[in-house]
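Let's read a structure together, one feature at a time. Have a look at it before we start.

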Amino acid sequence: MSKGFPHLIDLNDYPISWWNKIIKLGHDIKNNPQDYLDVCKGKIMATLFYEPSTRTQMSFQTAMIRLGGSIIGFDNPSTSSVFKGENLKDTTKVISSYSDILIIRHPNEGAAKAASLTSDCPVINAGDGGHLHPTQTLTDLLTLKEEKCRLDNLVIGLCGDLKNGRTVHSLCKALSCYPNNHFVLISTEDLKLPAYVKDVLTVNNCKFTEVSSLEESLPSLDVLYMTRIQKERFASEEEYLAEKDTYILDRKKMLRAPKDMIILHPLPRVEEIAIEVDDDKRALYFKQAEYGVYIRMALILTILNSKTIFPNLVGQPYLGVACSNPKCITNYEHYLPKSFRGIGDIVECEYCDERVLLK
Ligand code: CP
């Protein structure tokens, strides 16, 4: 195992004061980009993208280039030695010896945590399966701060694939830490928000309602966060097709929305927002993607200057117990030490947060 570094695996590993500092820095970078031109000169950022990406990968790369640093990496594992069977541990170990900061996206839940165990530089989670996407959340927080001027007292509607949408999980967890936010969770029965995220809302005394109608929810919202149905996370095409067109935001539905409601979407968009909505001044999803560069500049700068050290694993193994999440990285990379947090009959996998029954 490596020694600890200031990794960003889950935003909730850091206090809210840390998020606020990054958001403030992102705001300053947006307004004074000339002050940050060469602050990362000589530094190298590696992007290991085991899963497709447009915004996250390129906004990270743009961010590092604008800070004066350099970039290496792959965006398709089949053109790297992963194709020859190299495991995550070895790839991480080697690439972290070439770079100062490592950005990883992976289809398996808990993969960023697993990479952080052997990395010799800080690791940033750029999306691990359907689990978390903390840098999208920082992007969303900066967007809300810039466009709604607050991160509290908001009624936020989240619509679509709340089960598999990692951006939704990270955003709910983060916004529940600010006072008086109310979540309207709009989904079908099969795509509801996972229990572990709802638990965070409950622990933070956040009001949330689970509903199925987008039309009926619209009039009450300050923010509508639309999401794509995550085709790649479904077991079969049939199951995906059954969900695919349930929610489509169009101009007619927008007539029911408040004049100052904003529409966000982490993108990519498929069919869930009609193209005609792009001309509505409340549609801010392209601006949101642009904010992703400023916040990632702020994040890279902060992490490279941070002295914070995280322990590798804080949980414990249980003899013969494996994570019950079939998409958990520990079920693919078998050398990884199993680790579970909590006490009693139900514990949580430290990599993917899946609840595991011990008996
Ligand atoms: N929002 C987001 O993660 O987009 P990409 O998949 O294009 O990186």
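Q: Which residues surround the ligand?

A: A residue counts as near a molecule if one of its heavy atoms lies within 4 Å of it. Here the ligand is surrounded by S53, T54, R55, T56, R105, H133, Q136, P266 and L267. This is a predicted model, where local features need pLDDT of at least 70 and side-chain atom pairs count only at pLDDT 80 or more, while totals for chains, interfaces and linings use all residues. Residues are numbered from 1 along each chain as its sequence is written, and side-chain values use heavy atoms, leaving out hydrogens and water.

Q: How many residues of each class are in the shell around the ligand?

A: Ala, Val, Leu, Ile, Met, Phe, Trp, Tyr, Cys and Pro count as nonpolar, Asp, Glu, Lys and Arg as charged, and the others, Gly among them, as polar. By that scheme, the shell holds five polar, two charged and two nonpolar residues.

Q: Which atoms of T54, Q136 and P266 lie at short range from the ligand?

A: Look for pairs of N or O atoms within 3.5 Å, called polar contacts; within protein, one must be able to donate a hydrogen and the other to accept it, and residues adjacent in sequence count only if both atoms are side-chain atoms. A polar backbone atom of T54 is 2.8 Å from a ligand oxygen. The side chain of Q136 places an N or O atom 3.0 Å from a ligand nitrogen, and a backbone N or O atom of P266 lies 2.8 Å from a nitrogen of the ligand. Taken alone, the ligand exposes 260 Å², and the protein buries 92% of that (areas by the Shrake-Rupley method with a 1.4 Å probe; for residues, only the protein chains shown count as cover).

Q: What is there to notice about the backbone at P268 and N153?

A: Most residues other than glycine have a negative phi, and most peptide bonds are trans. The bond from L267 to P268 is cis, with omega near 5°. P268 sits in the loop between β9 (262-264) and α11 (285-304); helices (H or I, at least four residues) and strands (E, at least two) are DSSP runs, numbered from the N terminus. N153 has a positive phi, near 50°, and belongs to the loop between α5 (134-148) and β5 (155-159).

Q: Is N180 buried or exposed?

A: Buried means under 20% relative accessible area, exposed over 50%, and partly exposed in between (1.4 Å probe, protein chains only). N180 counts as exposed because its relative accessibility is 58%. Its phi is positive too, near 60°.
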